[in-house]
Amino acid sequence: MFQEERLKFIVDYVTKNKKASTKELSELLSTSVVTIRADLKILQEKDLLVKTHGGVMINSYKINDVIPSNVKFQKFKREKAKIAELANRYISDGDILIIDSGSTTLELAKCITAENLTAFTNDLQIAIELSKKRNIDLTVSGGTLIPDVYTLTSYEAVNFYKHLHVEKLFLSCDAIDAEFGISNRDKREVEIKKAMLKAANEVILMADHSKMNNSVLLQVADFEDIDKLIADDIPANLRAVIQSKGVEIITE
C-alpha cells in the first residue's frame, strides 16, 4: 500500500473509532510500527489527528465535548509557547493574579519570570509549575476534579473566586466568535470563569488561532469584558470587531 493510501485509511479508521493504537494500525495495514509512527507524525503536522502515548486520536469534537488534557497539550505547542512569552511581559514583580486553567495558560506558568507574586489557580498542572518558581505565594482553589482534565470546579471553586479581588486575570477559552463572543465547551468551567472575570481589575485573554471564528456550547463573556487579547494570529474580520470593542490585541 502506498503512503497516501495508508494515510487515508488511518484517518478514516480513527475518525470512525475515535482512537487507535500504533500496534493496532500496524497490524491492520500489515506494516511496521516504525512506518506507522512516521505516518502519524505526518497526519499530526497536517492537524488531521492528534498523537497520544502509544497511538492517535481524532482531532474533531462536538461543541460540548470535553477535550482531554493530553490532546490539548499536543496541539499548537509552538503557538501556545509564543503566546505565553508575550503574556509574561505583562506580569510584574509583586503582582496579584489569577491564572485560569488551560493548556495555553499552563505554558504561561512555565515561563513566568517575575517574583514576589501572589497567584491563584484552579488548575493542578499550573499549580505544580508555579510551585517551582521563586517567591510565589500560591493558592489553589478547592473543588472537584474534572475527569481527564486538571481543572477544579464546582460550588467551592466558584465561591472561592467570588470572594477574591486581584489585579490581573489570565483567561483561557475554547472559542472566539464575532457574534457569540468568548465561549467554552464545559458548563462546569463557565461559572468559575465568570467569577474570575468579576474578581479581576484587568482581564487578559490568551488564545491560539485555532479558536478564532469559532463558537462552542456556552458563552463566557463579551469582548467588553476583556482588556487584552494575546494570540499568535487573528483573522482580519475578527480583529476589526474585537478592536472596535476597545480590546487591545497583542500578536508580537
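These notes cover the overall fold, one helix and the salt bridges of a predicted model.

1. Overall build. The protein has 10 helices and 15 strands. Its C-alpha atoms fill a box of roughly 60 × 40 × 35 Å along the principal axes. The radius of gyration is 19 Å, which agrees with the value near 18 Å for a compact globule of 252 residues.

2. Packing and surface. Buried residues account for 48% of the 252. Of the contacts between residues at least 6 apart in sequence, 59% join residues at least 24 apart. The exposed surface is about 12400 Å², with 48% of it from carbon and sulfur atoms.

3. Helix α6. This helix spans residues 103–111 and is mostly covered, with 7 of its 9 residues buried. Among them are L106, L108 and C111.

4. Charges. There are 34 positive and 38 negative charges, and their mean positions lie 5 Å apart. The salt bridge count comes to 11.

5. A buried pair. K193 and D100 form a salt bridge, with the closest N and O atoms 2.5 Å apart. K193 sits in helix α9 and D100 in the loop between β4 and α6, so the pair ties together parts 93 residues apart in sequence. K193 is buried at 1% relative accessibility. D100 is buried too, also at 1%.

6. A pair with more cover on one side? Which partner is exposed in the R134 bridge is set by accessibility: R134 counts as exposed at 58%, while E115 is partly exposed at 26%. Their side chains meet at 3.4 Å, N to O.

7. Other bridges. D186 pairs with R188 at 2.8 Å. D186 is buried at 7%, whereas R188 is partly exposed at 38%. E202, K228 and E248 are linked in a salt-bridge network.

Notes:
Residues are numbered from 1 along each chain as its sequence is written. This is a predicted model: local features need pLDDT of at least 70, side-chain atom pairs count only at pLDDT 80 or more; totals for chains, interfaces and linings use all residues. Side-chain values use heavy atoms; hydrogens and water are left out. Buried means under 20% relative accessible area, exposed over 50%, partly exposed in between (1.4 Å probe, protein chains only). Helices (H or I, at least four residues) and strands (E, at least two) are DSSP runs, numbered from the N terminus. The radius of gyration is taken over C-alpha atoms; the globule rule is 2.2 Å times the number of residues to the power 0.38. Contact means heavy atoms within 4.5 Å. Accessible areas come from the Shrake-Rupley method with a 1.4 Å probe; for residues, only the protein chains shown count as cover. Lys and Arg count as positive and Asp and Glu as negative; His and the chain ends are not counted. The place of a charge is taken as NZ of Lys, CZ of Arg, CG of Asp or CD of Glu. A salt bridge is a side-chain nitrogen of Lys or Arg within 4 Å of a carboxyl oxygen of Asp or Glu.
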